[in-house]
Amino acid sequence: MLQSVERAAAGEAAAGVFRIAMGVEYQGSRFHGFQRQRGGIPSVQESLEKALSRVAGGEALTISCAGRTDAKVHASGQVIHFDTTVERTPFAWVMGGNANLPPDVSITWAQLMPPTFDARFGAVSRRYRYVIYNDPIRPAHMSDQVTWNHRPLDIERMRDAARPLVGTHDFSSFRARQCQAKSPVKTIHHLEILQSGRFMVIDVRASAFLHHMVRNIAGVLMTIGAGERPVSWAQEVLAARRRAAGGVTAHPFGLYLVQVEYPSEFALPERYLGPHFLSGLPDVGKAQ
């Protein structure tokens with residue numbers, strides 16, 4: 001299968017069109033989301049397209065991504081693709097792109113792909129980590145990269161509350177009102193809560209996510225962890241199938257897109273799970 005993918009990529013290159021896939025990481029604090037915005041409002045997409053167009057000698061490029069993250073949301077495992085008529089080595093795309101990018105966006109790898117690869121529609125799962133700094137004192141460091149919760153959180157209560165959310169369910173209660181997904185039914189493959197010092201990490205992998213789904217889950221689990229609601233409340237919220245039953249949407253600061261998975265035939269490069277400062281955490285949700 002891998003050889004057929006390589007042949008398809010080579011055939012596309014012979015026709016003078018190259019489909020390039022890339023891994024991208026960014027700190028989303030100053031961006032109004034991944035997607036290009038009107039009026040010059042900063043976006044990750046615009047930063048990438050400008051930088052890569054310079055590498056392509058001025059050719060206009062349009063990129064597609066695996067997940068259009070919201071304003072102030074981060075990524076350590078975003079995947080993009082674009083088509084170009086300009087031939088460059090993967091090394092040139094990575095180094096040239098990074099030389100033209102702002103310091104809060106980095107390309108981590110590049111690879112020539114067949115025309116059948118699509119960063120968005122070809123993904124079979126996406127994975128997020130929501131990072132909570134749990135301490136009575138607000139952090140002076142990384143205040144826009146983690147979510148501060150001053151209330152003592154009971155991790156075992158949060159783990160117990162998370163279990164009923166795993167599997168295929170109607171997640172209407174965890175869906176933003178402006179969500180445009182056709183169906184609220186999604187499959188969560190794993191939902192674990194990890195701890196590293198003062199950090200608590202909600203690690204979740206699913207077939208796809210609804211708008212604000214992870215942040216709404218985080219809000220429910222933190223409320224339960226603080227003892228303000230019983231453990232059973234998470235299941236009650238799920239069963240209600242109404243956003244009004246789901247409590248407050250957690251802040252975007254601690255949310256990271258950390259991994260996107262594709263069929264094994266594409267053999268994309270693998271990196272450690274981010275964010276960087278938590279790269280030593282175990283990979284509890286590794287796909288089987």
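I will go through strand 5, then the salt bridges, then the two largest pockets of this model, which is a predicted one.

Let me start with strand 5, residues 125–134. How many of its 10 residues are buried? The count is 10 of the 10, so the strand is largely enclosed by the rest of the structure. In a regular strand, side chains alternate between the two faces of the sheet. Here, Ser125, Arg127, Arg129, Val131 and Tyr133 point one way, while Arg126, Tyr128, Tyr130, Ile132 and Asn134 point the other way. The residues on both sides are all buried, the arginines included.

Now the partners of that strand. Strand 5 runs antiparallel to strand 10, and six bridges join the two. In that pairing, Ser125 stands opposite Glu261. Strand 9, residues 199–206, is also antiparallel to strand 5, with eight bridges between them. There, Tyr133 sits opposite Phe199. Strand 6 runs parallel to strand 5 and is joined to it by three bridges. Asn134 has Asn149 of strand 6 as its bridge partner.

Next, the salt bridges. The structure holds 15 of them, and I will show three. Take Glu46 and Lys50, whose side chains meet at 3.5 Å, N to O. Why are these two about one helical turn apart? Because they are four residues apart in helix 2, which covers residues 44–55. Glu46 is buried, at 15% relative accessibility, whereas Lys50 is partly exposed, at 47%. The pair also belongs to a network of salt bridges that links Arg36, Glu46, Glu49 and Lys50.

The second example is Glu228 with Arg151, at 2.7 Å, N to O. Glu228 is in the loop between helix 5 and helix 6, and Arg151 is in the loop between strand 6 and helix 4, so this salt bridge ties together parts that are 77 residues apart in sequence. Both ends are partly exposed: Glu228 has a relative accessible area of 49%, and Arg151 comes in at 22%.

The third is Arg163 with Asp160, where the closest N and O atoms are 2.3 Å apart. Arg163 counts as exposed, with 53% relative accessibility. Asp160 is partly exposed, at 35%.

On to the pockets. The largest one holds about 940 Å³ of space. Which residues lie nearest its centre? They are Arg68, Arg120, Phe209, Leu210 and His211, out of 32 lining residues. Strand 5 comes back at this point: strand 5 and helix 5 are the elements that give two or more residues to this lining. Helix 5, residues 213–225, makes the largest share, three residues. By class, the lining divides into 16 nonpolar, 10 polar and six charged residues.

The second largest pocket holds about 630 Å³. Its lining has 26 residues, and Gln259, Val260, Glu261, Pro269 and Glu270 lie nearest the centre. Strands 1, 3, 4 and 10 each give two or more residues to that lining. In this pocket the lining is made up of 14 nonpolar, seven polar and five charged residues.

One link between the two topics is Glu261. This residue stands opposite Ser125 of strand 5, and Glu261 is also among those nearest the centre of the second largest pocket.

That is what I have on this model.

Note on methods. Residues numbered from 1 in each chain as written. Predicted model: local features only at pLDDT ≥ 70, side-chain atom pairs only at ≥ 80, totals over all residues. Heavy atoms only, no water. 1 Å grid on protein atoms, 1.4 Å probe; cavity = no way out; pocket = protein on both sides within 12 Å on 5 of 7 lines; lining within 4 Å. Points joined across faces, edges and corners; volume = space filled by probe spheres on them. Nonpolar A, V, L, I, M, F, W, Y, C, P; charged D, E, K, R; others polar. Salt bridge = Lys/Arg side-chain N within 4 Å of Asp/Glu carboxyl O. Buried < 20%, exposed > 50% of the residue type's maximum accessible area, 1.4 Å probe, protein only. Pairing = 2+ DSSP bridges.
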